[in-house]
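Me: I am new to reading protein models, and I would like a close look at a single part, namely the nonpolar core and what surrounds it. Please take me through it slowly.

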Amino acid sequence: GNWSVMSGFAFEAKPGAGLSPVLPPEEELAKMAAGGWFIPFGNFVLPWKHLRTACTAQGGKAPTALNLWQFAFCAELVFGRVASGMGKLDLSASQSTAIDQLRQQGIYFLVTAAILVIAGAAAFVAMPKIDSATSGAAAA
């Protein structure tokens, strides 16, 4: 969450950084960029919206990897929730049925892990670009 706050506050520190009346004050942007991760269902939209706002407030452009990161984050949460819900086995089920259900759950968890790796890679690509867009420093 700290990097979200720093991205939200970064354009406040730049000289001449003005906000249009449509945008929230800098403090609200930073708070929502960090706190949005912890709001149920809001975490699918709020942090991403405010990271994009922080990137574009200085005339910059939000990195395209941010879209992939958001999509992978949301997909990972959904797949993980579905997989964890599959663990309720019927005690009267046959052994082969139980094995099949657990195998299917394992596949869902494997897909969830793969999506998590994609989200991590997208974040790894996006964050230096977000940092440079909000701090004015050259991207590494």
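Reply: Since this is a predicted model, let us begin with a simple search: across the whole structure, 0 disulfides turn up. Two cysteines can nevertheless be placed by their accessibility, for Cys 55 is buried because its relative accessibility is 0%, and Cys 74, with a relative accessible area of 17%, is buried too because that value lies under the cut-off of 20%.

Turning now to the core itself, the largest nonpolar core holds 20 residues, and Trp 48, Leu 66, Trp 69 and Ile 130 are those with the most contacts inside it. Two or more residues come to this core from each of α3, α4 (65-85) and α5, and the element that gives the most is α5, with 8 residues.

Ile 130 deserves a closer look, as it belongs to helix α5, which covers residues 95-135. Its relative accessibility is 0%, so Ile 130 counts as buried. Along the sequence Ile 130 and Ala 62 are 68 residues apart, yet in space their C-alpha atoms are 6.9 Å apart.

For contrast, consider Phe 41, which sits in the loop between α2 (26-35) and α3 (46-56). Phe 41 has a relative accessible area of 69%, and it is therefore exposed, the cut-off being over 50%. The backbone of Phe 41 is also worth noting, because its phi is near 65 degrees, a positive value in a residue other than glycine. Side by side, then, Ile 130 is buried, whereas Phe 41 is exposed.

Conventions: Residues numbered from 1 in each chain as written. Predicted model: local features only at pLDDT ≥ 70, side-chain atom pairs only at ≥ 80, totals over all residues. Heavy atoms only, no water. Disulfide = S-S within 2.5 Å. Buried < 20%, exposed > 50% of the residue type's maximum accessible area, 1.4 Å probe, protein only. Helix = DSSP H or I, 4+ residues; strand = E, 2+ residues; numbered from the N terminus. Core = buried A, V, L, I, M, F, W, Y, C linked by side-chain atoms within 4.5 Å.
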